[in-house]
Amino acid sequence: MATEASTSAAGGSWVEGMSADNIKGLVLALSSSFFIGASFIVKKKGLKKAGASGVRAGVGGYSYLYEPLWWAGMITMIVGEVANFAAYAFAPAILVTPLGALSIIISAALADIMLKEKLHIFGILGCVLCAVGSTTIVLHAPQERAIESVAEVWDLATEPAFLSYAVIVLAATFVLIYYFIPQYGQTHIMVYIGVCSLVGSLSVMSVKALGIALKLTFSGMNQLIYPQTWLFTIVVVACIVTQMNYLNKALDTFNTAVVSPIYYTMFTSLTILASVIMFKDWDRQNPTQIVTEMCGFVTILSGTFLLHKTKDMVDGLPPTLPVRIPKHAYDASEGIPLRSTAEGIPLRSPRATESFRSTL
């Protein structure tokens with residue numbers, strides 16, 4: 001009898017249904033995706049409005065802090081993040097994180113309606129591939145590891161494998177911030193998104209630790225007396241502040257409908273990797289489940305490739321005309337690459353147009 005119960009718990013059969021905690025985590029994660037997806041659009045509108053009367057966030061400005069619309073988007077995102085925070089306390093990260101795919105659909109749909117940022121047909125296919133890959137991972141996710149104290153999470157976080165991962169992440173983040181962003185931040189979307197995703201993988205591990213601590217505290221086992229709880233809190237705050245700063249720069253510089261899925265894909269992949277290293281999720285799975293999850297990763301990466309390669313392409317243009325924005329197409333007043341298709345695609349540079357007219 002005990003053997004059968006153990007086998008059932010380890011297998012995590014979705015046919016037999018999810019546990020009450022997993023259902024709570026699922027509902028919270030879905031709600032989080034809705035709020036976060038909508039917040040991208042509201043914040044982008046606030047950034048554009050603030051940029052019209054001040055220095056844009058993409059070039060180091062902070063005028064958006066005085067824009068009520070941006071704060072409305074921030075509050076919406078905070079609500080989503082709180083729901084996401086609660087979800088990690090009830091369900092494993094490998095189940096909660098991929099459900100962020102819903103935010104891609106919401107963000108892309110609202111960007112099309114409110115911001116007039118059009119996705120190429122292959123961009124839509126990329127979104128679908130991201131969602132399919134995420135679903136594959138969710139359906140084969142391992143069961144949550146039983147943890148009885150925040151000290152146990154601290155022991156997992158200080159093992160050599162995860163410490164090595166954390167050092168690599170921090171080193172890569174500093175290289176991106178101090179070397180690549182000054183040179184490529186305005187032209188390469190992966191730079192800003194890379195910082196957000198790398199730091200985000202560490203923040204999720206800390207959020208999960210803090211969520212477990214609060215869950216145990218509310219159940220009668222006070223975890224606030226442990227210093228580890230407060231150390232995880234400090235890490236969460238530092239990571240979230242860093243993420244928000246560079247996410248604002250990415251949203252202000254590039255097309256929202258592209259930022260959202262690429263950020264989701266990188267963030268999800270790195271978070272699952274961190275969870276596998278820290279909580280040893282794959283130790284409780286058979287080879288078939290692991291291979292299926294890897295196929296999900298490949299599907300997500302395929303979707304990211306399509307989104308990245310088609311971010312400047314527009315449907316409906318004659319095949320003889322260029323469908324990518326020329327590298328020399330810049331906003332004369334700010335020197336920022338024109339990324340949003342809503343602003344139109346210049347077929348020649350202003351200087352070339354002036355020369356052409358002078359010959360008439």
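# Exercises on a predicted helical model

Leaving aside neighbours within four places in sequence, Leu-210 has contacts with Phe-85, Thr-229 and Thr-233. The model is a predicted one.

**Exercise 1.** Find the element that holds Leu-210, and decide whether Leu-210 is buried or exposed.

*Solution.*
Step 1. Locate the residue: Leu-210 is part of helix 9.
Step 2. Take the relative accessible area of Leu-210, which is 12%.
Step 3. Compare with the cut-off: buried means under 20%. Leu-210 is therefore buried, at 12%.
Step 4. Look along the chain. Tyr-88 and Leu-210 are 122 residues apart in sequence, and their C-alpha atoms are separated by 9.4 Å.

**Exercise 2.** Treat Ile-234 in the same manner: state its helix and decide whether it is buried or exposed.

*Solution.*
Step 1. Ile-234 is found in helix 10.
Step 2. Its relative accessible area is 56%.
Step 3. The cut-off for exposed is over 50%. Ile-234 is exposed because its relative accessible area is 56%.
Step 4. Between the C-alpha atoms of Ile-234 and Ser-206 there are 9.0 Å, with their positions 28 residues apart along the chain.

**Exercise 3.** Describe the protein as a whole: how many helices and strands does it have, and what share of its residues counts as buried?

*Solution.*
Step 1. Count the elements: there are 13 helices and zero strands. Read from the N terminus, each element in the order is α.
Step 2. Turn to burial. The protein has 360 residues, and 48% of them count as buried.
Step 3. Turn to contacts. Among those between residues at least 6 apart in sequence, 80% join residues at least 24 apart.

**Exercise 4.** Classify the ring pair of Phe-162 and Tyr-165, then the pair of Tyr-179 and Phe-180.

*Solution.*
Step 1. The structure holds nine aromatic pairs.
Step 2. For Phe-162 and Tyr-165, the ring centres are 5.9 Å apart and the planes meet at 35 degrees, so this pair is tilted.
Step 3. Place the pair: both residues belong to helix 8, residues 160-184, and because they are three residues apart, about one helical turn separates them. Phe-162 and Tyr-165 are both buried.
Step 4. For Tyr-179 and Phe-180, the centre-to-centre distance is 4.8 Å and the angle between the planes is 90 degrees. Planes over 60 degrees apart count as edge-to-face, and that is the class of this pair.
Step 5. Check exposure. Tyr-179 has a relative accessible area of 44% and is partly exposed; Phe-180, at 29%, is partly exposed too.
Step 6. Extend the pair: ring pairs link Tyr-179, Phe-180 and Tyr-184 into a cluster.

**Exercise 5.** Find the ring that has Lys-208 over its face.

*Solution.*
The ring belongs to Phe-279, and Lys-208 lies at 5.9 Å from the ring centre.

**Exercise 6.** Describe the largest pocket: what is its volume, and which helices each supply at least two residues of its lining?

*Solution.*
Step 1. The volume is about 730 Å³.
Step 2. The lining has 34 residues; those nearest the centre of the pocket are Ile-36, Glu-81, Asn-84, Gln-243 and Phe-267.
Step 3. Sort the lining by type: 23 residues are nonpolar, ten are polar and one is charged.
Step 4. Assign the helices. At least two lining residues each come from helix 2 (20-51), helix 3 (68-90), helix 9 (189-218), helix 10 (227-253) and helix 11 (256-279).

Definitions and conventions
Residues are numbered from 1 along each chain as its sequence is written. This is a predicted model: local features need pLDDT of at least 70, side-chain atom pairs count only at pLDDT 80 or more; totals for chains, interfaces and linings use all residues. Side-chain values use heavy atoms; hydrogens and water are left out. On a 1 Å grid over the protein atoms alone, a cavity is a set of points where a 1.4 Å probe fits but cannot get out, and a pocket is an open set with protein on both sides within 12 Å along at least five of seven lines; lining residues have an atom within 4 Å of a point. Grid points are joined across faces, edges and corners, and a volume is the space filled by probe spheres set on the points. Helices (H or I, at least four residues) and strands (E, at least two) are DSSP runs, numbered from the N terminus. Ala, Val, Leu, Ile, Met, Phe, Trp, Tyr, Cys and Pro count as nonpolar, Asp, Glu, Lys and Arg as charged, and the others, Gly among them, as polar. Buried means under 20% relative accessible area, exposed over 50%, partly exposed in between (1.4 Å probe, protein chains only). Contact means heavy atoms within 4.5 Å. Rings of Phe, Tyr and Trp (its six-membered ring) pair if their centres lie within 6.5 Å; planes under 30 degrees apart count as stacked, over 60 as edge-to-face and the rest as tilted. A charge sits over a ring if NZ of Lys or CZ of Arg is within 6 Å of the ring centre and within 35 degrees of the ring normal.
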